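Okay, let's get going. I'd like to walk you through a few local spots in this one, so pull it up on your screens.

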Amino acid sequence: MQNHRIHRTATPFATAAWDRRSILMGLTALIGAGIATRVGADDLSAEMILNDPDAPIGGNPNGDLNIVSFFDYNCPFCKRTVDPLSAVLASDGNIRHIYKDWPILAQSSVYGAKLALAAKYQNRYEDAYRALMGIEGSRIPEDRMRQALQAAGFDMAQLEADANEYDADITTLLQRNNAQAEGLGLRGTPVFLVGQFLVASALDEAGFRQVVKDARDAA
Amino acid sequence: MPRQIFLRLITSLFVALWSLSAAAQQQDLLQAEEAFRLTVERETNDTIEMRWQIEDGYYLYRDHLEAKNRATGEKVALHTDPGIVEAEDANFGPSEVYYLEAVARLGADAPGEVAITYQGCKKDSICYPPMTVALDTGSLQLSEPVVGFGIAAPLSPSAGNTEIGGFTLADETQNGGMIGSLLAIGGAGWVIASFLVFGLLLAFTPCVLPMYPILSATLAREGEALTARRGFVLSTSYVLAMAAAFGLLGIVAAWSGQNLQMVLQSPYAIGAVSVLFVVLAASMFGLFELQLPSAWVNRMAGVTAGSRGSVSGAAGMGFLSALIVGPCVTAPLAAALLYIAQTSDAYLGAAALFALGLGQGIPLIAFGTIGSRALPRAGAWMVQIKYVFGFVFLGAAIWMTGRIVPPQATLALWALLLLTAAVFIGVADRLTAEAAAGPRFRKAAGLALSLAGVIFAIGAASGGGDPLRPLGHFGAGSGGSQQHVAETSTTFIEAGSMPDLMQVISSADGRPTFVYFTADWCVICKTIERDVLQNAEIIAGLDGFQRVRVDLTALDQTNQEMMRDLAVVGPPTMIFFDGDSKEASGSRLIGDATIATLKASLELARR
């Protein structure tokens, strides 16, 4: 299983039963042990939201202001914010950007998130992020995600091998992100935490600058 | 450390602030259930209208509205009106959406339980995860919406896409397969009727044939009490138990995801059944009467004629026959197990399997009833008949043991059996000069059996293992027969695990690939390997194919993974990938394969 986990898709005999069974088992485990076994209480702390060692960091890693973005590769509004936000990060130069892959909109979001996070192990997370966010629309098929990554210069065999090798870590991170988002009461994507402000909308460049200014003023 | 505590304080303050601001910021952001409110209504022409009231500033996607049959997972047609074309962003293309209100209709032919999925966004703000409600089309009751697509199982596959790693399976392995289509044609009754017919068609295949001697031997144990009526009762209970075992297969598959038949091909189960056969044979030879207390005999062999014991004995034999003695993977069996796995509808799947078992058993009932009438009843004949079936049981025991011991040992056992049978016929009895024709023929038959036994013994002693050609290995070196030349020219790559197989397929380089699942205990596989795979035309047809064999004799984790990933229920299964590593549609062969069907499948993959 290790070798092809990432693109394992509907395989009938057993898979269906299997997945259903593992879900059931998962649920039982959760009921039995409480969610705390899965998601430690610390995972929900601001410390983990801002400084999760596994979450990719962009912008200036030593910046004085944090922007945490929760996003999905099938979310059109998220895609709209990529360019304005990177323009603000570049011109400001003192903002630390924390990426929270939160795949909730479609099944292929999970696939995309896993590949993007696998690219982190090649130190190319942001390349993958841009490639995937650059695909038009919502409900992107997995094939198109693969093509976009290939076009961005990824060796797909290597990337998938990495995704499989680090699958356990990647899945844990996605679950942690999900727990954090739910802990914050988020309802969808995108959401940005800018300093102490939470913004649940697709800001344009001026909007980002305004919130950044407000956050610095309030600090 | 004070600094740490301070940091902690600060960060928890942040969380509090975020949560506060989350509440504040999201105050104007509705919960998905509030933003999109769904009501259903039945219209005069029996169609069902679903109406979403959408809050101002929110929208639903037209192409994310979906209906699925909750039982089978198949898509259900949903009629929607055109929406407004909304450019979500100049850069990111338009999509068709509904503001304020969306309407979708289900046809009058919609299944009983439909899952409806919808997804929307607040304009320029956020997009909500998909929501799914269950609709009972009879009572029009709606469940609470379930949000998301199940992040609990982030690895689970996306629907409709069948690609795994470097290869793609054919569509027909998905979506409920054969049962799904039968269900669509004529409902559950049609599925069950069809499986009964499939069973009848399978009744004379190598899967069922071993059951004839076993059933006759079981009946012969009745001795003089055997009447047509009694034969009918016993063979019916045998067949019902066999059908029940098939149904049980379905339930176990739904519960554990495994094919029970394969799990039961363990040395212990086979050994136990072989021992049971030997015990039964011993009772036929009358050995128990000499050696065991009668209570034992009654319990173990159910000798008391007319007792309920022999009915349940026959039933037990039927159960064992289906699960352990003649485990056979056939296309309908595989279809039913796959259907159960895909839909978790164990009831229909198990009912179909029960019907399949019953169909396979109907000729057995006829055979048992008519045969019981034909069997001579009185006198010394009966003893002879019992001896004959004692040998049938011993033969069955050897045949079973053959799955777990080396072929030479099996051949030696056959030799022993033949020699013993020869003695029973009277090969060692003295033939007087005035003997009549009868005894002379018996003596001749006995000699023929002993000759066969001696040949088998020589074969076994010199390392042979094929009961059909016990001395075949002597000629193998010097060109031998045509079969042997053939055998050496059809070679297989053994694949023991999924990565092995992936590697072979990824190195296909435009060549088609033939994957053959087999096992030592698989009876039909033996026939296929001898009669089909050795055929000159097939050998020629397989030329240019990558040939991969997967041995399922020992069922372990890695084997099970391969079966799962390739949607294989058991051996024999043949899968054909074309040069692009796609399974050729309609090419898969499950169960018995003939030269004609194999050629046709090879042709499909070559294209």
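Start with strand β2 of chain A, residues 65-71, which pairs with β4(A) in the antiparallel sense over 4 bridges. This is a predicted model, by the way, so take everything I say in that spirit. If you want a residue to hang on to in that pairing, A:I67 has A:V194 as its bridge partner in β4(A).

Now stay on β4(A), residues 191-194. Which way do its side chains go? A:V191 and A:L193 point one way, A:F192 and A:V194 point the other way, and all of them are buried. That's the usual strand story: in a regular strand the side chains alternate between the two faces of the sheet.

β4(A) has another partner too. Strand β5 of chain A, residues 197-199, pairs with β4(A), antiparallel again, over 3 bridges. Here A:L193 stands opposite A:L198 of β5(A). The two strands, β4(A) and β5(A), make a hairpin with 2 residues between them. Look at the turn and you'll find A:G195, with a positive phi of about 55 degrees.

Okay, helices next, still in chain A. Two packed helices are described by the angle between their axes and the distance between the axes. For α5(A), residues 125-133, and α6(A), residues 142-151, the angle is about 130 degrees and the axes are 9 Å apart. So α5(A) counts as oblique to α6(A), because the angle falls outside the ranges for roughly parallel, perpendicular or antiparallel. The crossing of α5(A) past α6(A) is right-handed.

Who's actually touching? From α5(A) you've got A:A128, A:A131 and A:L132, and from α6(A) there's A:M145, A:A148, A:L149 and A:A151. Sort the contact of α5(A) with α6(A) by class and you get 7 nonpolar residues, no polar ones and no charged ones.

Let's hop over to chain B. It has 22 helices and 20 strands. Of its 607 residues, 41% count as buried. And if you take contacts in chain B between residues at least 6 apart in sequence, 73% of them join residues at least 24 apart.

Last stop is helix α21 of chain B, residues 557-565. Which of its residues are buried? Those would be B:N559, B:M563, B:R564 and B:D565. An α-helix has 3.6 residues a turn, so residues three or four places apart point the same way. With that in mind, have a look at B:N559 and B:M563, both on that buried list. After α21(B) comes B:A567, and its phi is positive, near 55 degrees.

Terms used: Residues are numbered from 1 along each chain as its sequence is written. Chains are lettered from A and ligands numbered from 1 in the order in which they are written. This is a predicted model: local features need pLDDT of at least 70, side-chain atom pairs count only at pLDDT 80 or more; totals for chains, interfaces and linings use all residues. A residue is buried if 20 or more other C-beta atoms lie within 10 Å of its own, exposed if 12 or fewer, and partly exposed in between; C-beta atoms are placed from the backbone. Two strands pair if DSSP finds at least two bridges between them. Axes are lines fitted to C-alpha atoms, for helices over the stretch in contact, and angles run from 0 to 180 degrees between N-to-C directions. Angles under 35 degrees count as roughly parallel, over 145 as roughly antiparallel, 65 to 115 as roughly perpendicular and the rest as oblique. A crossing is left-handed if the near helix is turned anticlockwise from the far one by less than a right angle, and right-handed if clockwise. Two residues are in contact if their C-beta atoms, placed from the backbone, lie within 7 Å. Ala, Val, Leu, Ile, Met, Phe, Trp, Tyr, Cys and Pro count as nonpolar, Asp, Glu, Lys and Arg as charged, and the others, Gly among them, as polar.
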